[in-house]
There are 2 protein chains.
Amino acid sequence: MQDIRPAGTARERVLDAALALFAEHGVNGTSLQMIADRLGVTKAAVYHQFPTKDEIVQAVINPALDRLDQIADEAEARRGRGAQVRAVLAGVVGLVVEHRRLSAVFSFDPSVARLIRREPAVRSVERINRLLTGPDPDDATRVAVAMVSGGLIVAGIDPDLIRLDDDALREHLVNTALRTLGVRR
Amino acid sequence: MQDIRPAGTARERVLDAALALFAEHGVNGTSLQMIADRLGVTKAAVYHQFPTKDEIVQAVINPALDRLDQIADEAEARRGRGAQVRAVLAGVVGLVVEHRRLSAVFSFDPSVARLIRREPAVRSVERINRLLTGPDPDDATRVAVAMVSGGLIVAGIDPDLIRLDDDALREHLVNTALRTLGVRR
DNA sequence: GTCTATAAGAAGATAGAC
DNA sequence: GTCTATCTTCTTATAGAC
């Protein structure tokens, strides 16, 4: 996840390099050669860690998907819609801020979308969405939730916001999201 | 912009096919072969209309960028921040709803971003942003505007929202954006 | 875990006929 | 405006040595 060659197993180094390159060039714009070059090894060395490029993509996005499930688990354990919404927002904002410029370009990547469409991955996203809308939401609520989800993901890459430190960005994002959703702070 | 082979000049047919494919597969995931296949012609026929793939991308996004400038022009002609914000939102929401599922995947495409980074294209986006934040905005405002911009773009592809008709979606988006920005309706 | 070497195909792009 | 044919480069992926 960092720019300078990080320590860790060879597998982890591949994932770190891939994540950075995917975020900048997109999955389709990132070749195995680029990943290998960034690590100072050959393509074959990368293929030793992962049988296909798709499996690299999968391994890169899996931790984020797992986090979404954890967030949903914790939120569902809360009592009351306000508390659940707050728990989801805290979790998602934490995830987004942690990744900053990575999340947005990546979230809308067609190749990532392709992998997420099948699998329980969709379920994780739907759970989060459902926790924010509540049961049987009206159209205005659906729109507000969609804007919050999208807005949070995109906020990390906004050039106007990169100078904000993580704590400040987290607080503003949560407050703005609550206002958008019409939940009292 | 439609799925069935549209009429028009050969150039327009190329742009229509390219837009649809770019939105689904991303720019990098769309080859000239795919564009040609969709039109039932060869790659060479496509190259007769555009010297490079980049110029196709450019031609596809230019109308949207022009619209942003028009929107900024009209908004700047208004008196008072509330009126300017409302004018920008009406314009941007109109643009987004008009394109629906196209805008989001496309807006965050690394190849599109590369083309937009240079050129007066950045200026158009910055003008819109500036009209929404107002002069010398605080951090909370910057975050709110970033979330609105991102949220609006993403809203078009949300599966929860596709069944909404254009009029309803437009109204909800404007209202939600105004609430997020803390502007009275 | 990493290497060299290579296959097999698709990419962007060009030349020139019709 | 569209075609066939071709070039070059890059792609994912494999085989097998160290």
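Me: Which atom of DNA strand D is 3.4 Å from the side chain of B:His48?
Reply: In this predicted model, a base nitrogen of DNA strand D lies 3.4 Å from an N or O atom in the B:His48 side chain.

Me: And what does the side chain of A:Tyr47 approach on DNA strand D?
Reply: An N or O atom in the side chain of A:Tyr47 is 3.2 Å from a phosphate oxygen of DNA strand D.

Me: Backbone or side chain for A:Leu32?
Reply: Backbone. An N or O atom of the A:Leu32 backbone is placed 3.1 Å from a phosphate oxygen of DNA strand D.

Me: Which residues come nearest to DNA strand D?
Reply: There are 16 residues around DNA strand D, and those that come nearest are A:Lys43, A:Tyr47, B:Thr42, B:Ala44 and B:His48.

Me: What classes make up the surface near DNA strand D?
Reply: That surface has 7 nonpolar, 6 polar and 3 charged residues.

Me: Which helices supply at least two residues each?
Reply: Helix H3 (43–49) of chain A does, as do helix H1 (10–25) and helix H3 (43–49) of chain B. The largest share, 4 residues, is that of H3(B).

Me: On the DNA side, how much of what lies within 4 Å of the protein is sugar or phosphate?
Reply: Sugar or phosphate accounts for 56% of the atoms of DNA strand D within 4 Å of the protein, and bases make up the rest.

Me: Changing topic: what turn lays chain A on chain B?
Reply: A turn of 180° with a shift of 0.0 Å along the axis does so, giving an RMSD of 0.1 Å. The two copies are therefore related as by a two-fold rotation axis.

Me: Why can one say that the copies meet through the same surface?
Reply: Because 100% of the interface residues of chain A are interface residues in chain B as well.

Me: How many aromatic pairs are there over all chains?
Reply: A search of the whole structure gives 3. One of them is the stacked pair of A:Phe22 and A:Phe106, with 6.0 Å centre to centre and 20° between the planes. This pair links distant parts of the chain, 84 residues apart: A:Phe22 is in helix H1 (residues 10–25) of chain A, and A:Phe106 is in helix H6 (residues 101–107) of chain A.

Me: What span should helix H5 of chain A have?
Reply: Helix H5 (residues 81–99) of chain A has 19 residues, so at 1.5 Å a residue the span should be 27 Å. The end C-alpha atoms of this helix are 27 Å apart, in agreement.

Me: And what follows H5(A)?
Reply: A:Arg100 follows, with a positive phi near 45°.

Definitions and conventions:
Residues are numbered from 1 along each chain as its sequence is written. Chains are lettered from A and ligands numbered from 1 in the order in which they are written. This is a predicted model: local features need pLDDT of at least 70, side-chain atom pairs count only at pLDDT 80 or more; totals for chains, interfaces and linings use all residues. Side-chain values use heavy atoms; hydrogens and water are left out. Copies are superposed by least squares on the C-alpha atoms of residues with pLDDT of at least 70 in both. Contact means heavy atoms within 4.5 Å. The expected span of a helix is 1.5 Å times one less than its number of residues. A residue is near a molecule or strand if one of its heavy atoms lies within 4 Å of it. A polar contact is a pair of N or O atoms within 3.5 Å; within protein, one must be able to donate a hydrogen and the other to accept it, and residues adjacent in sequence count only if both atoms are side-chain atoms. Ala, Val, Leu, Ile, Met, Phe, Trp, Tyr, Cys and Pro count as nonpolar, Asp, Glu, Lys and Arg as charged, and the others, Gly among them, as polar. Rings of Phe, Tyr and Trp (its six-membered ring) pair if their centres lie within 6.5 Å; planes under 30 degrees apart count as stacked, over 60 as edge-to-face and the rest as tilted.
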